[in-house]
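Hi everyone, thanks for coming. I'd like to walk you through one structure today, so let me put it up on the screen.

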Amino acid sequence: MTDTLPLDGAPAPSPALRLPDRVGWAAFSDFDETYLAHAATPEQRAHLAALEEYLLTDAVRHGLLFGWVTGSSAASVREKMARCGARVLPHFVAGALGTELTFFPDGVARPDPEWRQVLRDSGFDRARVERAVERLARHGVDLFPQDTGHRTEFLVNHYFRSLGDPRRDEHALGLVRELAAEYGLGLNISRCNPATGDPADCYDVDFLPPVCGKRNVVRHLCARFGVDPERTLAFGDSGNDLEMLGAVRHGYLVANCTPEARDRFPRVSPHPHTQALLHAFRHHLGH
């Protein structure tokens, strides 16, 4: 499930992390069911608080640049943060599958102008998405739009309902990939995670600029801050996180990841949610 990011200049919750003077490490985390456990049990809230304390203290000493690469909007993120007891906003949020990149200097949300220009130069056109979806329907592949409550300039979200047979699903999704390539569209396909509010029997099918996606956000930020590729980490729980995990030196699935993701990526933390992040940070960065 994906939706949009905040308005320019919108106030951010506090405390927000201060950008390091020199970035020594960079870490990228999916938000829903990776960083944030939606159940928000007392134990999970305690682990979340421990990670936030680390980010505010120890991580600063290591020059850690940290942010969420997620499909959720800032409004949605803030609602979930409040509901689940999260207090600390990261350095950046790359929302809507990285089609929007926002920093929070001095506690104020500021879109990244360089990234926005990259997306504008991509020539992404929603009309091409509509033509591709119409052609798919004529081939018997029906996509239905996601009701995110927001409209984004560079992302169009649909669901594809499983046909109940993996081979038929793969054939249909193969047609989606072929037409996306023919129309010059970027594409994300992943099995929906019901824990985040998606339907259980569907796939996310997201059209976006081909220059975009979680992997390209990672590359953009590493280049911008001059981060050594050996000092990069990422965390995720589902199929749409795998390209991000593969774009860093130390990529981890959290222990509560989806079966689809577990089958496709070898490194799985023995710990769930924020425990996985904190253990990895302490292992690679130190205490």
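Let me start with a small puzzle: is threonine 34 buried or exposed? Keep that in mind for a moment while I say that what you see is a predicted model. The answer is that threonine 34 is buried, because its relative accessible area is 0%, and the cut-off for buried is under 20%.

Where does this residue sit? Threonine 34 belongs to the loop that links strand S1 (25-29) and helix H1 (42-56). Its side chain makes a polar contact of 2.9 Å with the side chain of aspartate 30. If we set aside the neighbours within four places in sequence, the residues in contact with threonine 34 are Ser29, Phe235, Gly236, Asp237, Asp241, Val254, His273, Thr274 and Leu277.

Now let's zoom out to the whole chain. The protein chain contains ten helices and eleven strands. For 287 residues, a compact globule would have a radius of gyration near 19 Å, and the protein chain agrees with that because its value is 18 Å. The C-alpha trace spans about 55 × 40 × 35 Å along its principal axes. As for burial, 55% of the 287 residues count as buried. And for those of you who think in contact maps: among contacts between residues at least 6 apart in sequence, 68% join residues at least 24 apart.

Next, the sheet I'd like you to look at. Four strands form an open sheet with antiparallel pairing, in the order S6-S7-S9-S8. Strand S6 (143-145) and strand S8 (186-191) are at the edges with a single partner strand each, so each has one side without a neighbour in the sheet. From one strand to the next, the twist averages 30°.

Let's go across the sheet pair by pair. S6 and strand S7 (residues 156-161) run antiparallel and are joined by three bridges. Here proline 145 has histidine 158 in S7 as its bridge partner. S7 is then joined to S9 by six bridges, again antiparallel, and phenylalanine 160 stands opposite tyrosine 203 in S9. S8 and S9 also run antiparallel, with six bridges between them; there, asparagine 188 has aspartate 206 in S9 as its bridge partner.

How many of the residues of S9 are buried? Seven of the seven, so S9 is largely enclosed by the rest of the structure. Looking at its side chains, Cys202, Asp204, Asp206 and Leu208 point one way, Tyr203, Val205 and Phe207 point the other way, and all are buried.

Two helices lie across these strands. Helix H5 (residues 126-138) lies across S6, S7 and strand S9 (202-208), and runs at about 15° to S7. H6 lies across S7, S8 and S9, at about 165° to S8.

Last stop, the nonpolar cores. The largest has 51 residues, and Phe28 and Phe207 have the most contacts inside it. Helix H6 (residues 166-182) contributes the largest share of this core, with five residues. Another core lies apart from it, with 32 residues that include Trp25, Ala27, Ala40 and Cys84.

If you'd like one thing to take back to your desks, try following Phe207: it is a buried residue of S9, and it is also one of the residues with the most contacts inside the largest nonpolar core. Thanks, everyone, and I'm happy to chat.

Key
Residues numbered from 1 in each chain as written. Predicted model: local features only at pLDDT ≥ 70, side-chain atom pairs only at ≥ 80, totals over all residues. Heavy atoms only, no water. Core = buried A, V, L, I, M, F, W, Y, C linked by side-chain atoms within 4.5 Å. Buried < 20%, exposed > 50% of the residue type's maximum accessible area, 1.4 Å probe, protein only. Polar contact = N/O pair within 3.5 Å; in protein donor to acceptor, adjacent residues only side chain to side chain. Contact = heavy atoms within 4.5 Å. Pairing = 2+ DSSP bridges. Axes fitted to C-alpha atoms, helices over the stretch in contact; angles between N-to-C directions. Rg over C-alpha atoms; globule rule 2.2 N^0.38 Å.
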